[in-house]
Amino acid sequence: MATREDVEAIIRPTGFFRSKAANIIALAVQLVDLYDGEVPRTQKELVKLPGVGVKTANVVLGNAFDTPGLTVDTHVGRLARRMGFTKHTDPLKVEVDLQDLYDPRDLTLVSHRLIFMGRRICHARRPACGACPIARLCPSYGEGELDEQTAASLFAYGLEYPEGGWNFD
């Protein structure tokens, strides 16, 4: 069995590594003891595991078991409010509002796309409105940087703005 120190060393860069390490070890023990080493396939069972909430359960279900679910993190909530899809801040209420807008089969992909957009372009403090590929659809356009080049310089995680802008033709 892995020691807590071993797990902490591996996950240290993720932040809150001490409590996460304890949860990972406890989760592993429960998977073996209660589920014969198999990851449960329902949200109800997943959220009973240490460190697993609705958000994590939906990630596991959508990505490991192709059971679509909406993962409402800070990025998804922020973009849903900026796009006018919801007025709520409670992730469960945001989830309900977004589920009404999309085909259930698409919810996992919608989550990934909104998270990608929120991490790389539509930042919390300074969105890159002037270089945003969906700016013409956004009711919050103008909250962030409007100059195209300055906005493009705000892109994060290696995303590059295409010369001449986005082409959707």
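Let me start with Leu109, which has its place in helix H7, in what I should say at once is a predicted model. Is this leucine buried, exposed or something in between? With a relative accessible area of 43%, Leu109 counts as partly exposed, because that value lies between the 20% under which a residue is called buried and the 50% over which it is called exposed. If you look for Thr71, you will find that its C-alpha atom and that of Leu109 are separated by 9.7 Å, although the two residues stand 38 apart along the chain.

Staying with H7, which covers residues 107-120, let us turn to its meeting with helix H5, residues 74-82. Two packed helices are described by the angle between their axes and the distance between the axes. Here the axes come within 8 Å and cross at roughly 85°, and H5 and H7 are therefore roughly perpendicular to each other. On the H5 side the residues that take part are His75, Val76, Arg78 and Leu79, and they meet Ser111, Leu114, Ile115, Met117, Gly118 and Arg119 of H7. Sorted by class, this contact is made up of 5 nonpolar, 3 polar and 2 charged residues.

Between these two in the sequence comes helix H6, residues 91-99, whose buried residues are Val94, Glu95 and Leu98. Why do I say that they line one face of the helix? Seen down the axis of H6, these buried residues fall within an arc of 105°, so one face is what they line. An α-helix has 3.6 residues a turn, so residues three or four places apart point the same way. As for their partners, the buried residues of H6 pack against helix H4, which is 54-64, and also against H5 and H7. At the N-terminal end of H6 there is a cap, supplied by Asp90, one of whose side-chain oxygens lies 2.7 Å from the backbone nitrogen of Leu92.

Let me close with the chain as a whole. The protein chain has 8 helices and 0 strands, so that, in the notation for elements from the N terminus on, we read α-α-α-α-α-α-α-α. Its C-alpha atoms fill a box of roughly 55 × 35 × 30 Å, taken along the principal axes, and of its 169 residues 38% count as buried. Finally, if we take the contacts between residues at least 6 apart in sequence, 42% of them join residues that are at least 24 apart.

How values were computed. Residues are numbered from 1 along each chain as its sequence is written. This is a predicted model: local features need pLDDT of at least 70, side-chain atom pairs count only at pLDDT 80 or more; totals for chains, interfaces and linings use all residues. Side-chain values use heavy atoms; hydrogens and water are left out. Axes are lines fitted to C-alpha atoms, for helices over the stretch in contact, and angles run from 0 to 180 degrees between N-to-C directions. Helices (H or I, at least four residues) and strands (E, at least two) are DSSP runs, numbered from the N terminus. Angles under 35 degrees count as roughly parallel, over 145 as roughly antiparallel, 65 to 115 as roughly perpendicular and the rest as oblique. Contact means heavy atoms within 4.5 Å. Ala, Val, Leu, Ile, Met, Phe, Trp, Tyr, Cys and Pro count as nonpolar, Asp, Glu, Lys and Arg as charged, and the others, Gly among them, as polar. Buried means under 20% relative accessible area, exposed over 50%, partly exposed in between (1.4 Å probe, protein chains only). The arc is that of the directions from the helix axis to the C-beta atoms. A polar contact is a pair of N or O atoms within 3.5 Å; within protein, one must be able to donate a hydrogen and the other to accept it, and residues adjacent in sequence count only if both atoms are side-chain atoms.
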